[in-house]
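These are my notebook entries on what I looked up in this structure. I began with single sites and turned to the whole chain afterwards.

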Amino acid sequence: QSKELSQARIDYHIALQSLQEHGTRMVCTGKMHTDRICRFDYLCYSSEAEEFVFFHSNSSVMLPNLGSRRFQPALLDLSSVEDHNTQYFNFLELPAAALKFMPKPVFVPDVTLILNRFNPDNLMHVFHDDLLPAFFTMKQYSDLDDEARLVFMEGWGEGPHFDLYQLLSSKQPLLKEQLRNFGKLMCFTKSYVGLSKMTTWYQYGFVQPQGPKANILVSGNEIRHFAKALMEKMNITRQDEAEKDGGSSEQERERDKKDEYIAVFSRSTTRLILNEAELIMALAQEFQMRVVTVSLEEQSFPSIIQVISAASMLVSMHGAQLITSMFLPRGTTVVELFPFAVNPEQYTPYKTLATLPGMDLHYIFWRNSKEENTVTHPDRPWEQGGIAHLEKDEQQRILASADVPRHLCCRNPEWLFRIYQDTLVDIPSFLEVLKDGMKSKPSLKKTKTASTVHPGRVREAHCQTSVQTPNEAKLTVSWQIPWNLKYLKVREVKYEVWIQEQGENTYMPYILPQQNYTFSENIKPFTTYLVWVRCIFNKNLLGPFADVLTCRT
Ligand code: UDP
């Protein structure tokens with residue numbers, strides 16, 4: 001025991017000495033505060049000041065070294081929500097010499113990921129803003145492994161979904177309030193600060209009305225990779241789809257068909273489906289399938305995912321619970337219901353998720369268009385859509401409107417009033433929309449065989465020219481197939497050729513099935529043409545252009 005203690009003391013001594021001599025070291029990625037993640041050695045935190053502290057010494061490193069631009073507006077975003085002014089990260093600076101006068105630091109030996117959760121009360125936010133970004137930030141830095149420590153700095157308590165955050169690593173995440181327990185000054189031996197925004201697909205409407213992000217960088221493959229990893233952590237086993245298709249006999253497929261069911265996600269406090277039983281009956285009858293209901297109020301999250309991960313269809317009122325559609329099998333259908341006066345085209349976090357390339361989900365929405373079928377709650381508190389606190393005129397205007405106009409987040413009373421209505425789902429119109437929507441459902445076979453491999457450049461592109469008459473000339477372009485094509489089975493291979501007369505700012509595009517072509521239309525003698533060639537697989541998988549050819553007739 002004494003050996004262990006002295007060992008710990010030596011480590012402590014080394015750590016303290018290292019901090020005093022070298023100070024803090026920071027190296028970051030990202031040009032802007034919005035795409036920055038920083039790695040630190042010996043980043044410290046004063047629970048007294050509630051500030052992170054950077055200790056300067058002769059050998060400390062701070063890259064980027066922004067000077068006071070570090071405060072314009074911040075070093076980085078601590079949550080995955082872009083440029084939100086409540087989510088900024090910065091640190092205070094001190095000379096390492098000041099350590100002599102400070103409380104003895106406590107060192108955290110774990111590799112730590114420091115971040116803000118954005119809204120841990122809401123399941124959609126938990127997944128979109130926190131779990132996916134943290135998961136892939138951890139994938140980006142290999143020392144953020146299963147032993148990593150997460151620290152949540154937003155200042156909230158555990159929240160209702162803490163179990164899910166606990167799945168990210170084997171160590172218990174720390175909350176801001178718990179940092180006090182480590183004493184007045186704690187220093188993270190190795191830490192990363194900030195979250196990758198690479199996986200987020202939705203913006204909540206802080207600067208422009210909510211909608212899909214402008215430049216989505218994630219595909220269904222990454223979402224499904226994450227979903228699978230999470231299911232493994234929750235000990236949910238699902239018969240793999242490939243396995244199901246591959247080895248199964250006719251009878252087995254028959255049986256699978258019999259086992260198919262529809263999941264209805266039920267909310268029991270707000271935004272209710274008032275005739276859920278009727279809806280369930282209608283679904284069962286229409287599709288000749290079992291219908292299973294799930295609800296966050298009545299079931300554990302893993303048991304919900306167990307159900308959803310084998311369902312053929314998920315039906316739910318618009319709401320955070322629909323984030324669970326990422327656990328649906330490929331080739332299944334998401335049906336989202338919207339209350340009266342809420343335009344489905346304007347609130348699309350779940351539609352965007354379902355329709356990400358490679359997500360392979362079919363998305364259908366239904367909207368209540370009958371005012372007599374909606375139940376409003378004008379007398380509730382404002383955050384649940386109450387409007388009693390508003391001027392009478394404004395209340396009248398809201399009640400008379402059948403469409404919530406576009407608006408910013410997060411307190412628009414008309415939006416809250418309408419989105420917290422309960423709905424009596426009109427069964428005939430619902431079934432109509434559903435039947436209609438199912439007609440355009442692509443078969444999974446088709447999406448499965450669709451390749452995602454892009455062509456390489458065409459090789460050995462050449463041009464040859466000849467002048468026929470003073471007014472006519474010919475331009476022959478030829479090339480070899482992309483190198484990767486010989487290893488691929490591609491349904492359709494085409495080539496695109498762009499021909500531009502030098503100095504003009506337009507070009508003529510051609511799509512060709514073969515590897516050479518002689519152009520004579522619009523080709524003039526004694527003229528220089530620039531020619532680009534690229535390969536296209538299956539109509540929409542574009543390859544890169546080969547180096548431009550300069551061809552003089
Ligand atoms: N929630 C629920 N049942 C309800 C109402 C809400 O399970 O009757 C959950 C919901 O899925 C979300 C959280 O409570 O995770 C917050 O719901 P809210 O209506 O505030 O957000 P929204 O669903 O509109 O995103």
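Working in a predicted model, I began with N368 and listed its contacts, leaving out residues up to four places away in sequence: N368 touches F338, P339, F340, A341, N373, T374 and T423. I then placed N368 along the chain and found it in the loop between strand 18 (362-367) and strand 19 (374-375). Is N368 buried or exposed? Its relative accessibility is 2%, and since buried means under 20%, N368 counts as buried. I also looked up what its side chain does, and noted that the side chain of N368 reaches the backbone nitrogen of K370 at 2.9 Å.

**Entry on T270**

I next turned to T270, which has its place in the loop between strand 14 (261-265) and helix 7 (276-287). With a relative accessibility of 11%, T270 counts as buried. Its side chain and that of R267 are joined by a polar contact of 2.9 Å. Setting aside residues up to four places away in sequence, I found that T270 touches R380, Y420 and D422.

**Entry on F417**

I looked up F417 after that and found it in helix 11 (residues 413-419). F417 is buried, its relative accessible area being 1%. Which residues does F417 touch, not counting those up to four places away in sequence? I listed T376, H377, P378, G385, I387, I398 and L399. I also took one distance from this residue: F417 and P329, which are 88 residues apart in sequence, lie 34 Å apart in space, C-alpha to C-alpha.

**Entry on the disulfides**

I then went through the cysteines and noted that the structure holds four disulfides. One of them joins C28 to C38, with an S to S distance of 2.0 Å. The link of C28 and C38 is right-handed, with 100 degrees about the S-S bond. Because C28 lies in strand 1 (residues 25-29) and C38 in strand 2 (residues 37-46), the pair ties together parts that are 10 residues apart in sequence. I checked the burial of both partners: C28 is buried, with a relative accessible area of 16%, and C38 counts as buried at 0% relative accessibility.

C44 and C187 form a disulfide as well, their sulfur atoms lying 2.1 Å apart. Which parts of the chain does the pair of C44 and C187 tie together? C44 lies in strand 2 and C187 in strand 11 (residues 185-193), so the pair links parts that are 143 residues apart in sequence. I noted 105 degrees about the S-S bond, and the link of C44 and C187 is right-handed. C44 and C187 are buried.

I also looked at C409 and C410, which form a disulfide with their sulfur atoms 1.8 Å apart. The torsion about the S-S bond of C409 and C410 is about 105 degrees, and so I entered this disulfide as right-handed. C409 is partly exposed, with a relative accessible area of 31%, and C410 is partly exposed too, with a relative accessible area of 40%.

With bonded cysteines counted along the chain, I wrote down the pattern of the disulfides as 1-2, 3-4, 5-6, 7-8. C535 is in no disulfide, and the nearest cysteine sulfur, that of C551, is 19 Å away. A disulfide needs sulfur atoms within 2.5 Å. I added that C535 counts as buried, at 0% relative accessibility.

**Entry on the whole chain**

Last, I collected the totals for the protein chain, whose secondary structure comes to 13 helices and 28 strands. Its C-alpha atoms fill a box of roughly 95 × 70 × 60 Å, taken along the principal axes. What share of the 553 residues counts as buried? I noted 49%. Of the contacts between residues at least 6 apart in sequence, 71% join residues at least 24 apart.

For the surface, I found an accessible area of about 27800 Å², of which 51% belongs to carbon and sulfur atoms. I closed with the charges: the protein chain has 59 positive and 65 negative side chains, and the centres of the two sets lie 6 Å apart.

Terms used: Residues are numbered from 1 along each chain as its sequence is written. This is a predicted model: local features need pLDDT of at least 70, side-chain atom pairs count only at pLDDT 80 or more; totals for chains, interfaces and linings use all residues. Side-chain values use heavy atoms; hydrogens and water are left out. Helices (H or I, at least four residues) and strands (E, at least two) are DSSP runs, numbered from the N terminus. Buried means under 20% relative accessible area, exposed over 50%, partly exposed in between (1.4 Å probe, protein chains only). Contact means heavy atoms within 4.5 Å. Accessible areas come from the Shrake-Rupley method with a 1.4 Å probe; for residues, only the protein chains shown count as cover. Lys and Arg count as positive and Asp and Glu as negative; His and the chain ends are not counted. The place of a charge is taken as NZ of Lys, CZ of Arg, CG of Asp or CD of Glu. A polar contact is a pair of N or O atoms within 3.5 Å; within protein, one must be able to donate a hydrogen and the other to accept it, and residues adjacent in sequence count only if both atoms are side-chain atoms.
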